[in-house]
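These are my notebook entries on one protein chain, written as I looked things up. I wanted to begin with the open spaces and then work through the strands towards the core.

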Amino acid sequence: MPQITESTMVGAPAGEVWTLLRDFAAIGDWHPALPPAEIEDGPADRVGCVRVFPQAGGHRETLVALDDQQRRIAFTFADHAAGLPVRSYTSTITARPVTLTDDTYVEWSSRFDCDEADEDKVIPAVRDGVLVPGLSALEQRFGPGQSAP
């Protein structure tokens with residue numbers, strides 16, 4: 001079962017970054033590869049709610065975890081959705097404070113199952129099409145993190 005993890009530092013306090021990330025409906029507002037989303041079975045912070053991307057063929061993702069204390073959000077989508085030959089897809093985004101600089105360490109990981117023959121296509125599609133552009137967008141929005149003094 002492949003797992004892809006990418007991370008970055010952004011130049012804002014963890015609480016500020018978390019306010020954006022915990023809004024399950026907002027990803028289309030900050031992620032350059034994703035269109036606006038609508039929430040079903042909401043509100044957008046209720047585990048079990050579904051975000052729907054009408055401009056992406058009605059792609060649906062379900063919020064499966066939202067932990068304000070750990071600043072962690074996780075979601076899943078149906079097998080073979082989003083044009084990906086994957087099963088049991090789960091994605092998790094975590095925002096951790098960097099206390100020396102008041103920045104935030106953001107980690108985004110995706111775990112899924114796929115046929116071995118598809119791994120060489122799916123891994124870069126998820127990493128380079130979703131995770132990296134999303135983290136880069138957070139850096140642009142909040143600025144880059146600083147080096148520790």
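Entry 1, the largest pocket. Before looking, I wrote down what the word means here: a pocket is an open set of grid points with protein on both sides within 12 Å along at least five of seven lines, and its volume is the space filled by probe spheres set on the points. I also noted that what I have in front of me is a predicted model. I then looked up the largest pocket and found a volume of about 300 Å³. Of the 20 residues that line this pocket, the closest to its centre are Leu34, His59, Glu61, Ala82 and Val130. Strands S3 (50–53), S4, S5 and S6 and helix H3 are the elements that give two or more residues to the lining, and H3 gives the most, with four residues. When I sorted the lining of the largest pocket by class, I had 15 nonpolar, three polar and two charged residues.

Entry 2, two residues compared. I picked His59 from the pocket list and asked myself: is His59 buried or exposed? His59, which lies in strand S4, has a relative accessible area of 12%, and it counts as buried because the limit for that word is under 20%. Leaving out residues up to four places away in sequence, I listed what His59 touches, and the list reads Arg51, Val52, Phe53, Phe77, Ala81 and Ala82. For contrast I looked at Gln55, which is placed in the loop between S3 and S4. Gln55 has a relative accessibility of 64% and is therefore called exposed, since that word applies over 50%. Beyond its neighbours within four places in sequence, Gln55 is in contact with Pro35 and Pro36. I also checked Gln55 against Ala81, and from C-alpha to C-alpha they are 14 Å apart in space, with their positions 26 residues apart in sequence.

Entry 3, the strands. I followed the pairing of the strands one pair at a time.

- S3 and S4 are antiparallel and pair over four bridges, and in one of the places where I checked partners, Arg51 is matched with Glu61 in S4. The two strands form a hairpin with five residues between them, and Gly57 in the turn has a positive phi of about 70°.
- S4 and S5 are also paired in the antiparallel sense, over six bridges, with Ala65 standing opposite Ala74 in S5. Four residues lie between the strands of this hairpin, where Arg71 in the turn has a positive phi of about 50°.
- S6 and S7 run antiparallel and are joined by 10 bridges, and Thr90 has Arg111 in S7 as its bridge partner. This hairpin has four residues between its strands, and Asp102 in the turn has a positive phi of about 60°.
- S1 and S7 run antiparallel with eight bridges joining them, and Val10 stands opposite Thr104 in S7.

Entry 4, enclosed space. How many cavities of 30 Å³ or more are there? The count comes to one, and the space in the largest cavity is about 50 Å³. Its lining is made of Leu21, Asp23, Phe24, Ile27, Trp30, Arg51, Ile73, Phe75 and Ile93, with H2 and S5 each supplying at least two of the residues. By class I noted seven nonpolar, no polar and two charged residues in the lining of the largest cavity.

Entry 5, the nonpolar core. I had read that in soluble globular proteins nonpolar side chains tend to be buried together. Here the largest nonpolar core has 37 residues, of which Leu21 and Leu138 touch the most other members. Two or more residues come from each of strands S1 (3–10), S4 (59–67), S5 (72–77), S6 (87–98) and S7 (103–113), and from each of helices H1 (14–21), H2 (27–30) and H3 (119–142). H3 gives the most to this core, with seven residues. Last, I looked up what Leu138 touches, again without residues up to four places away in sequence, and found Val10, Leu20, Leu21, Trp30, Val106 and Gly143.

Methods: Residues are numbered from 1 along each chain as its sequence is written. This is a predicted model: local features need pLDDT of at least 70, side-chain atom pairs count only at pLDDT 80 or more; totals for chains, interfaces and linings use all residues. Side-chain values use heavy atoms; hydrogens and water are left out. A nonpolar core is a set of buried Ala, Val, Leu, Ile, Met, Phe, Trp, Tyr and Cys residues joined through side-chain atoms within 4.5 Å. Buried means under 20% relative accessible area, exposed over 50%, partly exposed in between (1.4 Å probe, protein chains only). Contact means heavy atoms within 4.5 Å. On a 1 Å grid over the protein atoms alone, a cavity is a set of points where a 1.4 Å probe fits but cannot get out, and a pocket is an open set with protein on both sides within 12 Å along at least five of seven lines; lining residues have an atom within 4 Å of a point. Ala, Val, Leu, Ile, Met, Phe, Trp, Tyr, Cys and Pro count as nonpolar, Asp, Glu, Lys and Arg as charged, and the others, Gly among them, as polar. Two strands pair if DSSP finds at least two bridges between them.
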